Amino acid sequence: FTFDSLLKSLTSCASASLTRESATAIAKCIAAMALSDHVSSAHFSATVNKFVADVQRSGEQEHVKRIALLVLGEIGAKRDMSAQRDIEDVLRGAFDAEDGKSDEVPLAAAHALGSVAYGNMAKYVPTILGMLKSDEKGTRDYYVLTSLRQVIRLNQPRSSRKDHNTDAADDGQALQNAFASYVDQVLPIIHAKAQSEEEGVRSMVAECLG
């Protein structure tokens, strides 16, 4: 099998009936392929560009966008995506993609932004906090808090995460220390969001604090 044929096979598995768990599993497989040492930088860039285009394409089916966002998040959690100049705008734009049928696309975008932020906290954590502070009406609070929760979750020690891998490098402590520098900025913002009338927002605040 070639990289392109495997990628085509995996993306063809995406469908509207795919569960979140299955979509996440497919995204992890694609990301692992793209990040492999055996994949050229050209193939890596082409893969990222393909999924960015899938998210941006007007009229694209929801399940295609969901997989694309999840893949970008999985890649971003393991490799700094700041060189992809439009990635922040792409993910933020997908927050507004809800079409009344489901919230799968904005939720996938929220997870992706949080994962990408984990890959470069200095650049993207301030972005997430800025989004929370600037959204006076709170229309996107649930999704942005989901992004923040994703950053917090990924910064937990590997031994307490579901994706624990004893063979992986133990860089959890360094990352915890990196996120610790943002705690004083995070707490006032999420405490303010705890006053929201939306139960979902209050629940997400609790998850961030928990």
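In this predicted model, Tyr143 is buried, with a relative accessible area of 9%, a value that falls under the 20% limit used for the buried class. Phe95 is likewise counted as buried, at 2% relative accessibility. Tyr142, by contrast, has a relative accessibility of 32% and is therefore classed as partly exposed, since that class covers the range between 20% and 50%.

These residues are also connected through their rings. A search of the whole structure gives three aromatic pairs, and one of these is formed by Phe95 and Tyr143, whose ring centres lie 6.4 Å apart and whose planes meet at 90 degrees, in an edge-to-face arrangement. Phe95 belongs to the loop between α5 (87-94) and α6 (104-119), whereas Tyr143 belongs to helix α8 (residues 141-154), so the pair ties together parts of the chain that are 48 residues apart in sequence. Tyr142 and Tyr143 form an edge-to-face pair as well, with 5.8 Å from centre to centre and 80 degrees between the planes. Through such ring pairs, Phe95, Tyr142 and Tyr143 are linked into a cluster.

Aromatic rings are involved in contacts with charged groups elsewhere in the chain. The charged end of Arg79 is placed over the ring of Phe44, at 4.2 Å from the ring centre, and Lys50 lies over the face of Phe51, at 5.0 Å from the centre of that ring.

Attention can next be turned to the nonpolar interior. In soluble globular proteins, nonpolar side chains tend to be buried together. The largest nonpolar core in the model contains 63 residues, and those with the most contacts inside this core are Leu69, Leu72, Ile75, Phe95, Leu145, Leu148 and Phe179. Helix α6 makes the largest contribution to the core, with nine residues. Phe95 thus appears both in this list of core residues and in the aromatic cluster. When residues up to four places away in sequence are left out, Leu72 is found to touch Val48, Phe51, Val52, Val55, Met81, Ile87 and Val116; among these, Phe51 is the residue whose ring lies beneath Lys50.

At the level of the whole chain, eleven helices and zero strands are assigned. Of the 210 residues, 45% are buried, and the accessible surface comes to about 11100 Å², with 49% of this area belonging to carbon and sulfur atoms. Among contacts between residues at least 6 apart in sequence, 67% join residues that are at least 24 apart.

How values were computed. Residues are numbered from 1 along each chain as its sequence is written. This is a predicted model: local features need pLDDT of at least 70, side-chain atom pairs count only at pLDDT 80 or more; totals for chains, interfaces and linings use all residues. Side-chain values use heavy atoms; hydrogens and water are left out. Rings of Phe, Tyr and Trp (its six-membered ring) pair if their centres lie within 6.5 Å; planes under 30 degrees apart count as stacked, over 60 as edge-to-face and the rest as tilted. Helices (H or I, at least four residues) and strands (E, at least two) are DSSP runs, numbered from the N terminus. Buried means under 20% relative accessible area, exposed over 50%, partly exposed in between (1.4 Å probe, protein chains only). A charge sits over a ring if NZ of Lys or CZ of Arg is within 6 Å of the ring centre and within 35 degrees of the ring normal. A nonpolar core is a set of buried Ala, Val, Leu, Ile, Met, Phe, Trp, Tyr and Cys residues joined through side-chain atoms within 4.5 Å. Contact means heavy atoms within 4.5 Å. Accessible areas come from the Shrake-Rupley method with a 1.4 Å probe; for residues, only the protein chains shown count as cover.
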